Amino acid sequence: MIVLLIFLLISSLGIMIWACDSAINNAIILGKKFGISDLFMGIFVIAIGTSLPEFAATIQAIQIGAPGIVAGNLVGSNIANILLVGGVMLLPINSYKIENENKVSLHYFIFLSMVFSIALFINIKLSYFTIPIIIILLGIFLYLELKKKSEKKENYEDKNSNNSLLIIKIIISFVILYFSSKYFIGYARNISAYFGIADTIVGVSIVALGTSLPEVITTIIAIYKKKNNLALGNIIGSCVANITVISLIAIILGGSINFYELLDNFNKVVFILTALVFYAIMIGKFASKITAIVFLLLYLIYILTLYM
């Protein structure tokens, strides 16, 4: 039984990797055909696709009446995006130079993080009245990205790169990614239960890792293909999507949510500090292999601290 579970776990992980690779390949081709920048594709196509597990977890948590999971999912996923995914992004490169045009995305990312921190440290309940504000914040981000200068269009004569076919392939890749992530989490939890690991530890560690794996795998593939802006866009887009979309889902399905009451001060502080540090390092051009190692070690320490 355990051998079968391990085989299924590895198989689902392999399918996740294939789905991510397929999504990136087709997104890159589609982006070049329409003159769309790698950062834009990373933010809107790849980031949204790899954030599906987080969105699904939010919906399931609301349905079972567990708003604490929703709050932890949002804050924990952003911390993982910065420290874990960011560490993976920077590990294979000696330095990272962000273009001036793409600094706008980073500026808005830190702005939105600071705005969201108001809901973390002030006892306010986000309800239907805050939906227009969240939509406006998301809309501003979309506008800033859409107004950026596009890259030069490239002509593709290969009939296999038909626009409609590319879009269908991307959508199918996202669907496969979503379900493979779901099964990966399920198999991992079964294996953990087999070895007698506590349900609370399994739920937090395995589920958190499972929902972050698509971003990690996508980032590794993007860096391998020397698409650094695609990897950065994935991180920024995922963080922005988590703050806005998860909040919207929680409010629409649950009526309201109070992050101040649901989260402890430790996670609130870590959320803000990681956002500030990531912003300062990328803008200040301090990104390097050493930075990557520090990020990964900090994430390990963060996870260990949660269970101490």
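Good morning. I begin with threonine 291, which is found in helix 12, the helix covering residues 289–306. This is a predicted model, and I ask you to keep that in mind throughout. Is threonine 291 buried or exposed? Its relative accessible area is 10%, and buried means under 20%, so threonine 291 is buried. Leaving aside its neighbours within four places in sequence, threonine 291 is in contact with Leu90, Ile281 and Phe286.

Let me now step back to the chain as a whole. The chain holds 12 helices and two strands. Read along the sequence, these elements follow the pattern α-α-α-α-α-β-α-α-α-α-β-α-α-α. Of the 308 residues in the chain, 51% are buried. The accessible surface comes to about 14700 Å², and carbon and sulfur atoms account for 69% of that surface. How do the contacts spread along the sequence, and what share of them joins residues at least 24 apart? Among contacts between residues at least 6 apart in sequence, that share is 88%.

I turn next to the helix pairs, starting with helix 5 and helix 6. Helix 5 spans residues 103–121 and helix 6 spans residues 131–146; their axes come within 10 Å and cross at roughly 175°. Angles over 145 degrees count as roughly antiparallel, and helix 5 is therefore roughly antiparallel to helix 6. On the side of helix 5, the residues that meet helix 6 are Val104, Ser105, Tyr108, Phe111, Leu112 and Val115. Their counterparts in helix 6 are Leu137, Ile140, Phe141, Leu144 and Glu145. By class, the residues of this contact of helix 5 with helix 6 divide into nine nonpolar, one polar and one charged.

Helix 5 also packs against a second partner, helix 11, which runs over residues 265–283. The axes of helix 5 and helix 11 come within 10 Å and cross at roughly 165°. That angle makes helix 5 roughly antiparallel to helix 11, and the crossing of the two is left-handed. Which residues of helix 5 take part in the contact with helix 11? They are Lys103, Leu106, His107, Phe109, Ile110, Ser113, Met114, Phe116, Ser117, Leu120 and Phe121. In helix 11 they meet Lys268, Val269, Phe271, Ile272, Ala275, Leu276, Phe278, Tyr279, Met282 and Ile283. The residues of the contact of helix 5 with helix 11 divide into 16 nonpolar, three polar and two charged.

One residue of that contact deserves a closer description, namely phenylalanine 116. Phenylalanine 116 lies in helix 5. Its relative accessible area is 6%, and phenylalanine 116 is accordingly classed as buried. Leaving aside its neighbours within four places in sequence, phenylalanine 116 is in contact with Leu74, Val75, Ile243, Ser247, Phe259 and Phe271. Phenylalanine 116 and phenylalanine 259 are 143 residues apart in sequence, yet their C-alpha atoms are 9.6 Å apart in space.

The third helix pair is helix 6 with helix 9, the latter covering residues 228–254. The axes of helix 6 and helix 9 come within 10 Å and cross at roughly 160°. Helix 6 is thus roughly antiparallel to helix 9, and helix 6 passes helix 9 in a left-handed crossing. From helix 6, the contact is made by Ile131, Ile134, Ile135, Leu138 and Phe141. From helix 9, the contributors are Ile236, Val240, Thr244, Ser247, Leu248, Ile251 and Ile252. This contact of helix 6 with helix 9 has 10 nonpolar, two polar and no charged residues.

I close with two residues of helix 1. Phenylalanine 7 is found in helix 1, which covers residues 2–33. Why is phenylalanine 7 classed as exposed? Its relative accessible area is 51%, and exposed means over 50%, so phenylalanine 7 falls in that class. The C-alpha atoms of phenylalanine 7 and tyrosine 187 are separated by 9.5 Å, although the two residues are 180 residues apart along the chain.

Isoleucine 17 also has its place in helix 1. With a relative accessible area of 39%, isoleucine 17 is partly exposed. Leaving aside its neighbours within four places in sequence, isoleucine 17 is in contact with Ile217 and Ile221. Isoleucine 17 and leucine 177 are 160 residues apart in sequence and 8.3 Å apart in space, C-alpha to C-alpha. Thank you for your attention.

Note on methods. Residues numbered from 1 in each chain as written. Predicted model: local features only at pLDDT ≥ 70, side-chain atom pairs only at ≥ 80, totals over all residues. Heavy atoms only, no water. Helix = DSSP H or I, 4+ residues; strand = E, 2+ residues; numbered from the N terminus. Buried < 20%, exposed > 50% of the residue type's maximum accessible area, 1.4 Å probe, protein only. Axes fitted to C-alpha atoms, helices over the stretch in contact; angles between N-to-C directions. Parallel < 35°, antiparallel > 145°, perpendicular 65-115°, else oblique. Contact = heavy atoms within 4.5 Å. Nonpolar A, V, L, I, M, F, W, Y, C, P; charged D, E, K, R; others polar. Left-handed = near helix turned anticlockwise from the far one by under 90°. Areas by Shrake-Rupley, 256 points an atom, 1.4 Å probe, with all protein chains shown as cover.
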